[in-house]
Amino acid sequence: MKQLEKLLKKTAVSRPSKTTSRQIVVFKTQQDYRQCLDILNANGIKPVKAVDSHRLICCHFHRSTDMEKIKQHPRIAYVQRDAKVKAHAIKPAAAAKRGGSNKATKKSVLVDTAKIPWNVSRVKSPELWNQTMGRGVKVAIIDTGIAKHPDLCIAGGVNTITGGSFQDDNGHGTHVAGIAAATGRQKIFGNAPKVKLFAVKVLDQNGNGFVSDIVEGIDWCLKRGIKVMNMSFGLTGSGNNKALQDAIKRAAKQGAVISASAGNEGTMFSPLIDAPARYPETIAVAATDRANRVADFSSRGNGISVAAPGVDILSTLPGGTYGKMSGTSMAAPHVTGGAALLRALFPRMRPAEIKRRFEASALQIPGGRQAAGAGLLQVAPAAVIPAAVASGSRFPSKTRRLKKAKSASRPVLLIPSGRSKR
């Protein structure tokens, strides 16, 4: 450890500069991790962050540092650059006027269907609302934060960048949150309106962030029993990061369902979608338009599970407003909301079972497996397909699945006259 102690004292610094690089150091044992923290503290070197559960320390190092010497130390598991990620939205938020109450025209209507956007209807989430709207399920939007909004009910949150407010200073996270869980109190419903919504701010005002902040955010969620997570961001192209992959694996092993956007590179890096979407532990989501066509910008590649609406999607924005955005960022929270509904119905259902159900019940659309995965997300049918599907047995035919789903998931929603279209 003496050799490592000397290296750290000589090369690690507390503040970033033009001559430093941000690196992740992961130790093999908890004892070595703790000892290294003590060494840094004793020498006045404050790490960017330390994540106990991963034995991970993030520090700034002089660029002249020979990182290979640190990597080769027998007590180090691995060292790698703290890679940057970016949000998967391709259009800036276009604020709309604050909505009115938009009350239903009939008193007997349990849910004002005029507040259900076309995209939420398209994936058949409302057809489960007669059974559950996701009440009690904890959902984390790991993003730019979530702003206060009359159509959002935020249960709590964290800022892993600065430790300060989790309020959204970009707009992306608030928009994503509305697609997953808008309450319908004001203007629109999301896919799971009654969940406990948590804001995990890991991306800055420009929609950019570091892997170490995401790892800490995932850890924060697991410690609080949050087992449904949305990740509308990614490492582009061939980028990969072991720290991120390890965090995803750990979350899935503990029962977390992770919906991840495939990316907005179109065919640029085909057949490769962004990480974390390409990790098998996530549900990778492509974007479609109103005609059920895969969006031109949606990344193509191996590993896409399903597709969901992601073009000109209306949702919540900071300042109590609403606006439309596009991107696979907008597609992923449909799966997140759908997963929350399934978790409310089947609390013990494993992430792999939920993923298989979504794939087995998806509506086939043009584009092929590398563009659309199994097809368009269909949440209500996923809840009623045979249990054999959840265990990985042979799927029943598409006709039988849809026929059973139609008969078993009858909605109690009444459509008022003069329903508005969006």
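In this predicted model, Pro271 lies in the loop between strand E14 (257-261) and strand E15 (283-288). A cis peptide bond, with omega about 5°, joins Ser270 and Pro271. Pro276 also belongs to the loop between E14 and E15, and the peptide bond leading to Pro276 from Ala275 is cis, with omega near 15°.

Positive phi values are found at the residues tabulated below.

| Residue | Phi | Location |
|---|---|---|
| Gly44 | near 70° | follows H2 |
| Asn292 | near 65° | loop between E15 and strand E16 (304-309) |
| Asp312 | about 50° | loop between E16 and strand E17 (313-317) |

Neither Asn292 nor Asp312 is a glycine. Asn292 is buried because its relative accessible area of 16% falls under 20%. Asp312, with a relative accessible area of 37%, is partly exposed.

Helix H2 comprises 13 residues (residues 30-42). At 1.5 Å a residue, the expected span is 18 Å, and the end C-alpha atoms are 18 Å apart, in agreement with that expectation. Its buried residues are Asp32, Tyr33, Cys36, Leu37, Ile39 and Leu40. These cover an arc of only 160° around the axis and therefore lie on the same side of H2. The face turned away from the buried side carries the exposed residues Gln31, Asp38, Asn41 and Ala42.

His54 is placed in the loop between strand E3 (49-51) and strand E4 (56-62). Its relative accessibility is 12%, so His54 counts as buried. Leaving aside residues up to four places away in sequence, His54 touches Val26, Val215, Asp246, Ala247 and Arg250.

Methods. Residues numbered from 1 in each chain as written. Predicted model: local features only at pLDDT ≥ 70, side-chain atom pairs only at ≥ 80, totals over all residues. Heavy atoms only, no water. Helix = DSSP H or I, 4+ residues; strand = E, 2+ residues; numbered from the N terminus. Buried < 20%, exposed > 50% of the residue type's maximum accessible area, 1.4 Å probe, protein only. Contact = heavy atoms within 4.5 Å. Expected span 1.5 Å × (residues − 1). Arc of directions from axis to C-beta.
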